[in-house]
Amino acid sequence: MKLTDVLLPENIVANAPGGSKKKVLENLSDFLSERMDGVTADELYQGLLSRERLGSTGIGEGVAIPHCRLASCINITGALIKLQEPVDFDAIDGEPVDLIFALIVPEEQNDQHLQVLSLIAELLQDESVREELRQADSNESLYRAATADRAA
């Protein structure tokens, strides 16, 4: 599985408003519900919030990967959001978050969920990738930075 299998260009926002973790998750839920058949904003928000209650998805270095599995989700769906201003996300390193990669997965696809999460985490652990994402000034440049072929 490749990142481009789950991250579509229309699911990118280069300069999203922040405010707070709660507001970011609400905005993310509204944004994704408009792009996913059969999934409501409230259902998405509750799923993401439930996962956050288990422990923050802020993985450090200004990055968060909020995710959840939903019974009403048909296809694995990702979204990449770069916030205008970092927000406190209760990240493991205590640093505010400005890069958010959300992942919504059908309830029964546990193996695929873990595979895609691993792929995203590996990508975002690369300092040069994070810098490239932060320098992106449009949805298109953010998408290109996230999906660039980095084969050595």
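**Close-up views of charged side chains**

In this predicted model, the count of salt bridges comes to seven. A salt bridge here is a side-chain nitrogen of Lys or Arg within 4 Å of a carboxyl oxygen of Asp or Glu.

**View 1. A salt bridge within helix α1 joins Glu26 and Lys22.** The N to O distance between the two side chains is 2.7 Å. Both residues belong to helix α1, which covers residues 21–33. They are four residues apart, about one turn of the helix. Glu26 counts as partly exposed because its relative accessibility is 23%. Lys22 is also partly exposed, with a relative accessibility of 49%.

**View 2. Glu34 and Arg35 form a salt bridge.** The closest N and O atoms of this pair are 3.5 Å apart. Glu34 has a relative accessibility of 64%, so this residue counts as exposed. Arg35, with a relative accessible area of 36%, is partly exposed.

**View 3. A salt bridge between Glu61 and Arg130 links distant parts of the chain.** The closest N and O atoms of Glu61 and Arg130 lie 3.5 Å from each other. Glu61 sits in the loop between β2 (58–60) and β3 (63–64), while Arg130 is in helix α4 (residues 127–135). The two residues are 69 residues apart. At 49% relative accessibility, Glu61 is classed as partly exposed. Arg130 is buried, because its relative accessible area is 7% and the cut-off for buried is under 20%.

**View 4. Lys21, Glu52 and Asp90 belong to one salt-bridge network.** The three residues are joined by salt bridges that share partners. Lys21 also lies over the face of Phe89, and the distance to the ring centre is 5.0 Å. As for rings paired with rings, a search of the whole structure finds zero aromatic pairs.

**View 5. Asp98 in strand β6 makes a polar contact with Arg134.** Strand β6 covers residues 97–106. Asp98 has a relative accessibility of 14% and therefore counts as buried. The polar contact runs from the side chain of Asp98 to the side chain of Arg134, at 2.8 Å. Apart from neighbours within four places in sequence, Asp98 is in contact with Gly62, Ile81, Lys82, Leu83, Pro86 and Arg134.

Methods. Residues are numbered from 1 along each chain as its sequence is written. This is a predicted model: local features need pLDDT of at least 70, side-chain atom pairs count only at pLDDT 80 or more; totals for chains, interfaces and linings use all residues. Side-chain values use heavy atoms; hydrogens and water are left out. Buried means under 20% relative accessible area, exposed over 50%, partly exposed in between (1.4 Å probe, protein chains only). Rings of Phe, Tyr and Trp (its six-membered ring) pair if their centres lie within 6.5 Å; planes under 30 degrees apart count as stacked, over 60 as edge-to-face and the rest as tilted. A charge sits over a ring if NZ of Lys or CZ of Arg is within 6 Å of the ring centre and within 35 degrees of the ring normal. A polar contact is a pair of N or O atoms within 3.5 Å; within protein, one must be able to donate a hydrogen and the other to accept it, and residues adjacent in sequence count only if both atoms are side-chain atoms. Contact means heavy atoms within 4.5 Å.
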